[in-house]
Amino acid sequence: MNNIAKFLFFISSYIPLLVIIAINSKFEFKSLEKGFNSSFFVVVITLGLIIISIMFLVWVLQDRKVVNRKIEILKIENKTSEALSYILPYIVSFYQVDFSNFNNVIIFLIMFFTIFAVYINSNLIAINPMLAVLGYKIFIIESKRDQKIFIISKRDILLNDKEIRAKPVCCNIYLEKGVSSDF
């Protein structure tokens with residue numbers, strides 16, 4: 001589940017780009033009779049990824065019956081503002097790509113999977129602009145038990161909170177469920 005979840009977090013952070021690609025793709029159903037149409041393929045795959053990404057985010061953010069964990073806060077860093085800077089350059093750079101040209105599709109896929117590799121290896125998995133759009137904030141917390149973990153929260157988490165409770169989502173990502181006084 002970890003690799004699938006990582007990929008879905010990655011894809012969900014690019015929902016705006018995927019929507020732009022689907023809208024911007026130029027294809028005609030009449031041209032499908034002539035043979036392979038890369039634009040139609042791109043639109044179908046893009047719409048599928050958008051739907052799967054949205055379903056994944058809903059699943060992550062829903063209130064499931066999962067054992068909550070106490071997390072002692074030693075150091076906290078708000079990473080919410082990095083979400084926009086993370087995605088904006090890629091949306092702008094791929095905005096006008098012509099996906100009816102098969103070479104452009106291949107170039108896009110190579111670049112997209114390169115970004116995915118950097119995303120995973122740089123531990124940027126929870127830096128997701130869609131979470132910010134939905135009103136969530138992203139924090140990196142250092143605790144005694146874990147080195148660094150990502151916390152997704154609807155509220156500001158402060159150092160004086162000392163402890164929070166959170167449910168695990170994936171890898172080192174947790175969804176905050178309250179401060180320690182809520183136990």
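**Aromatic contacts around Phe 7 and Phe 10**

Phe 10 counts as buried, at 0% relative accessibility. This value, like those that follow, comes from a predicted model. Phe 7 is partly exposed, with a relative accessible area of 25%. Both residues belong to helix 1, which spans residues 2-12. They are 3 residues apart, about one turn of the helix.

Aromatic pairs were searched for across the whole structure, and 10 were found. Phe 7 and Phe 10 form one such pair, with ring centres 6.5 Å apart. Their planes meet at 40 degrees, so the pair is tilted. The cut-offs make this plain: planes under 30 degrees apart count as stacked and those over 60 as edge-to-face, and the rest are tilted.

Phe 7 also pairs with Phe 113. Here the ring centres lie 6.4 Å apart. The planes are at 10 degrees, so this pair is stacked. The contact links distant parts of the chain. Phe 7 sits in helix 1, whereas Phe 113 sits in helix 5, residues 102-121. The two are 106 residues apart. Phe 113 is partly exposed, with a relative accessible area of 43%.

These residues belong to a wider group. Ring pairs join Phe 7, Phe 10 and Phe 113 with Tyr 14, Phe 108, Phe 112 and Phe 116 in a cluster.

A ring also meets a charge in this model. The charged end of Lys 154 sits over the ring of Tyr 136. The distance to the ring centre is 4.6 Å.

Technical notes. Residues are numbered from 1 along each chain as its sequence is written. This is a predicted model: local features need pLDDT of at least 70, side-chain atom pairs count only at pLDDT 80 or more; totals for chains, interfaces and linings use all residues. Side-chain values use heavy atoms; hydrogens and water are left out. Rings of Phe, Tyr and Trp (its six-membered ring) pair if their centres lie within 6.5 Å; planes under 30 degrees apart count as stacked, over 60 as edge-to-face and the rest as tilted. Helices (H or I, at least four residues) and strands (E, at least two) are DSSP runs, numbered from the N terminus. Buried means under 20% relative accessible area, exposed over 50%, partly exposed in between (1.4 Å probe, protein chains only). A charge sits over a ring if NZ of Lys or CZ of Arg is within 6 Å of the ring centre and within 35 degrees of the ring normal.
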